[in-house]
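Trainee: Please pick one part of this model and take me through it closely. I would like a single connected account, with the reasoning spelled out.

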Amino acid sequence: QEQLVESGGGSVQAGGSLRLACVYSGLPSICMGWFRQAPGKEREGVAAINLLKRRTFYADSVKTRFVISQDNGKNTLYLQMNSLKPEDTAMYYCAADCDSDGGNWFGFGYWGQGTQVTVSA
């Protein structure tokens with residue numbers, strides 16, 4: 001019933017760009033985000049958006065390079081990734097059903113299967 005399906009991952013050279021998309025259905029979508037996890041590293045929140053509270057979050061490592069956006073008419077969450085670096089290599093996950101209070105983001109009860117992003121030096 002509840003679905004989040006990521007797409008747009010792939011292999012690119014450092015400095016390149018990718019646009020990830022997450023098509024969702026049957027779940028709360030007012031607050032959503034992107035996470036990533038690389039081998040040997042903990043899961044990291046990359047970006048999030050809370051439409052109700054008009055807030056966004058970006059990890060410091062991506063703040064000047066990535067842009068999160070959402071088109072509810074298309075039931076799609078996007079992550080525009082520019083100036084990619086090898087350290088951006090990870091599995092990227094779309095997540096839904098969050099909330100935010102100041103700098104604190106929490107919840108994210110629904111998760112997609114992920115899309116792999118590989119950035120070569």
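Mentor: Two strands are said to pair if DSSP finds at least two bridges between them. Keep in mind that the model is predicted. The part to look at is strand β3, which covers residues 18-25.

Strand β3 and strand β8 (residues 76-81) pair in the antiparallel sense, over six bridges. Within this pairing, L20 stands opposite L79 of β8. The two strands belong to an open sheet of four strands, in the order β1-β3-β8-β7, with antiparallel pairing. At the edges stand β1 (3-7) and β7 (66-71); each has a single partner strand, so one side of each is left without a neighbour in the sheet. On average, neighbouring strands of this sheet are turned by 15° against each other, direction ignored.

Strand β3 also carries one end of a disulfide. C22 is bonded to C94, with 2.1 Å between their sulfur atoms. The angle about the S-S bond is -75°, and the link of C22 and C94 is left-handed. C22 lies in β3 and C94 in strand β9 (residues 90-101), so the disulfide ties together parts that are 72 residues apart in sequence. Both C22 and C94 are buried.

The count of disulfides is two, and the other one also ends in β9. C31 and C98 form this disulfide, their sulfur atoms 2.0 Å apart. Here the torsion about the S-S bond is about -100°, so the disulfide of C31 and C98 is left-handed. The pair links distant parts of the chain: C31 is in strand β4 (residues 31-37) and C98 in β9, 67 residues apart. Buried means under 20% relative accessible area. C31 has a relative accessible area of 1%, so C31 is buried. C98 has 9%, so C98 is buried as well. With the bonded cysteines of the protein chain numbered in sequence order, the pairing is 1-3, 2-4.

One more feature involves residues of β4 and β9. The model has one cavity of 30 Å³ or more, and the space in the largest cavity is about 50 Å³. Its lining includes R36 and Q37, which fall within the 31-37 range of β4, and A90, which falls within the 90-101 range of β9. Also in the lining are A38, K41, E42, E44, E87 and T89. By type, the lining residues divide into two nonpolar, two polar and five charged.

Conventions. Residues are numbered from 1 along each chain as its sequence is written. This is a predicted model: local features need pLDDT of at least 70, side-chain atom pairs count only at pLDDT 80 or more; totals for chains, interfaces and linings use all residues. Side-chain values use heavy atoms; hydrogens and water are left out. On a 1 Å grid over the protein atoms alone, a cavity is a set of points where a 1.4 Å probe fits but cannot get out, and a pocket is an open set with protein on both sides within 12 Å along at least five of seven lines; lining residues have an atom within 4 Å of a point. Grid points are joined across faces, edges and corners, and a volume is the space filled by probe spheres set on the points. Ala, Val, Leu, Ile, Met, Phe, Trp, Tyr, Cys and Pro count as nonpolar, Asp, Glu, Lys and Arg as charged, and the others, Gly among them, as polar. A disulfide is a pair of cysteine sulfur atoms within 2.5 Å. Buried means under 20% relative accessible area, exposed over 50%, partly exposed in between (1.4 Å probe, protein chains only). Axes are lines fitted to C-alpha atoms, for helices over the stretch in contact, and angles run from 0 to 180 degrees between N-to-C directions.
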